[in-house]
Amino acid sequence: MTTHETTAPADASQSSGAAADLTTFDGLLAAVTDPTGREIFDPATGAVVGRTREGSPADIDAAVLAAAAAQPAWASRPVEERNDLLNKAADAIEASAEALAELLSREQGKPLNGPNARFEVGACAAWLRANAAFALEPEVLVDEDGTHAELHYAPVGVVGAVGPWNWPMMISVWQFAPSLKMGNTVVLKPSEYTPLSVQALVAVVNEVLPADVLTVVPGDGKVGAALTDHDGVDKVMFTGSTATGQAIMRAAADNLARLTLELGGNDAGIVLEDADPKAIAADLFWGAFINTGQTCAAMKRLYVPDSLYDQVCEALVEVAGQMPMGVGLEEENVLGPLQNRQQYDIVAGLVQAAKDGGATILLGGDPDEDQPGYFYPTTLVADIDNDNALVAEEQFGPVLPIVRYSDLNQAIVWANELEVGLGSSVWGTDLEECKKVASRLEAGSTWINKHGAVDPRVPFGGVKKSGYGLEFGLEGLKQVSVPHVISW
């Protein structure tokens, strides 16, 4: 069943058929629950959160056709009107913020507090407002000798967006905010693990948008493939695994759909000799453990020089030991469970590989299998070889391997030798030296004395098998547009 929550005109404050109060958790859940649909379970407790509608390839076809029909009228609106509607959508999100955060916490598992559920909902509103504020003006290319040429940007048409389960609401906004701003219409396919969150977000946003401009169709991989393969989709935006991104690339060849692919990563951080271990410990921790490590651009391997190795390990253990993990609705927690059993098993297997390789477990590594939920304890691993699976493969969980190095050039080689290149970071007190090292790292983004600090104004994307294309800022707007040169 295609989910579209409103048929009201754009200036209506409420959708014509919306009886539920979307500012309350019960009202929000009622608006997106299908009593006969598939059960969604809380990964922290195992309790049923709700039942999701399950779409089909036929629903994708209907949604794409409706989006294509709605797109010319949406694009014909002055950009100022579209900006105003993005700001009104942000207002609607803020009015429903607590209900959205509770649903997100129950479905995804992330705690309300810390850089988690409330943070994610706030980022959704912030990204909408940022995109509304951007101004992508025509660029004068030549204006001399009787020749004038300008570069304009036109809507691409219908955008098909497929999102992940780790930041389901925020990444959906990353996809649809710039697309809508530039005059495109959007069909979203959320992860089958977190469909209620995205349906709820769309229900709230659609209180202010015209019909068929933004539609969500939940479902399994066949539904996602129907969207990314659809010949009516002009642009595909995908965040997820490298293997799925490669399959989307192959499918896009038939109709030459444009692509933005944000794929897997295994981000490296390099600590330099002049770093202050205690001063950077908290930022190192959150660079690795934000969203309980379930973040594409989280730091997943840390290289530390011999001279600071013990101090950095000790400082990280001290910080990590103070971070409470538990059920997300309990206000004191800042770390939660893995979102699903498959990811839990991956993390557990990689920690076991570290143990088998003779690594030292500084903290954690001992899950309580009798505890409900997919909780894996915060784990720090030292004395580990660079070729151990925990270092070479993306763990995507609350585990950080800390690798010792004696030669900075060797650390840079290690950081660059994998096939992925999403983010990276350099940590030290000499900014110029940090910049030199940063320039040698093969990644779409390199942060200095922080990690994973995305900003709606700053372009973000990967290199190598971490995908291609940019999101955020003016460059992100260009990626959901088609260039048009006008000369006279």
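Visitor: Why is Lys 435 called partly exposed?

Guide: Lys 435 has a relative accessibility of 41%, and the scale used here calls a residue buried under 20% relative accessible area, exposed over 50% and partly exposed in between (1.4 Å probe, protein chains only). Because 41% falls between those two limits, Lys 435 is placed in the middle class. This is a predicted model, in which local features need pLDDT of at least 70 and side-chain atom pairs count only at pLDDT 80 or more, while totals for chains, interfaces and linings use all residues. Residues are numbered from 1 along each chain as its sequence is written, and side-chain values use heavy atoms, with hydrogens and water left out.

Visitor: What makes Lys 435 and Glu 432 a salt bridge?

Guide: The term requires a side-chain nitrogen of Lys or Arg within 4 Å of a carboxyl oxygen of Asp or Glu, and the closest N and O atoms of Lys 435 and Glu 432 are 3.5 Å apart, so the pair qualifies. The two residues sit three places apart in helix α15 (residues 431-439), which means that about one helical turn separates them; helices here are DSSP runs of H or I with at least four residues, strands are runs of E with at least two, and both are numbered from the N terminus. Glu 432, with a relative accessible area of 48%, is partly exposed.

Visitor: Which residues are joined into one network by salt bridges that share partners?

Guide: Asp 91, Glu 94 and Arg 129 form that network. Within it, the closest N and O atoms of Arg 129 and Asp 91 are 2.6 Å apart, and this pair links distant parts of the chain, since Arg 129 belongs to helix α5 (residues 117-133) and Asp 91 to helix α3 (residues 79-95), 38 residues apart. Arg 129 is partly exposed at 28% relative accessibility, and Asp 91 is partly exposed at 41%.

Visitor: What makes Lys 110 and Glu 120 a pair that ties parts of the chain together?

Guide: Their closest N and O atoms are 2.5 Å apart, which gives a salt bridge. Lys 110 lies in the loop between α4 (97-108) and α5, whereas Glu 120 is in helix α5, so the bridge connects parts that are ten residues apart in sequence. Both Lys 110 and Glu 120 are buried. By the same rule, the count of salt bridges comes to 20.

Visitor: How do you know how many disulfides the structure holds?

Guide: A disulfide is a pair of cysteine sulfur atoms within 2.5 Å, and the structure holds zero of them. Cys 124 has its nearest cysteine sulfur, that of Cys 296, 16 Å away, and Cys 124 counts as buried at 1% relative accessibility. For Cys 313, the closest cysteine sulfur is in Cys 434 at 19 Å, too far for a bond; Cys 313 is buried as well, with a relative accessible area of 6%.

Visitor: Why are the phi values of Leu 256 and Phe 396 worth a remark?

Guide: Most residues other than glycine have a negative phi. Leu 256, however, has a positive phi near 55°, and Phe 396, also not a glycine, has a positive phi of about 55°. Leu 256 is in the loop between α9 (242-252) and β9 (258-262) and is exposed at 67%, while Phe 396 is in the loop between α13 (389-392) and β14 (399-405) and is buried at 10%.

Visitor: What makes helix α7 largely enclosed?

Guide: Eleven of the eleven residues of α7 (residues 195-205) are buried, so the rest of the structure largely encloses the helix. The buried residues of α7 include Pro 195, Gln 199 and Val 205.

Visitor: Why is Ala 161 called buried?

Guide: Ala 161, found in strand β5 (residues 158-162), has a relative accessible area of 0% and is therefore buried. Leaving aside neighbours within four places in sequence, the residues in contact with Ala 161 (heavy atoms within 4.5 Å) include Gln 175, Val 186, Leu 227 and Met 237.

Visitor: How do you know where the domains lie and how many residues are in contact between them?

Guide: The bounds come from an automatic or database domain assignment, which divides the chain into domain 1 (25-264 + 466-487) and domain 2 (267-448). Their C-alpha centres lie 30 Å apart, and 27 residues of domain 1 are in contact with 29 residues of domain 2.
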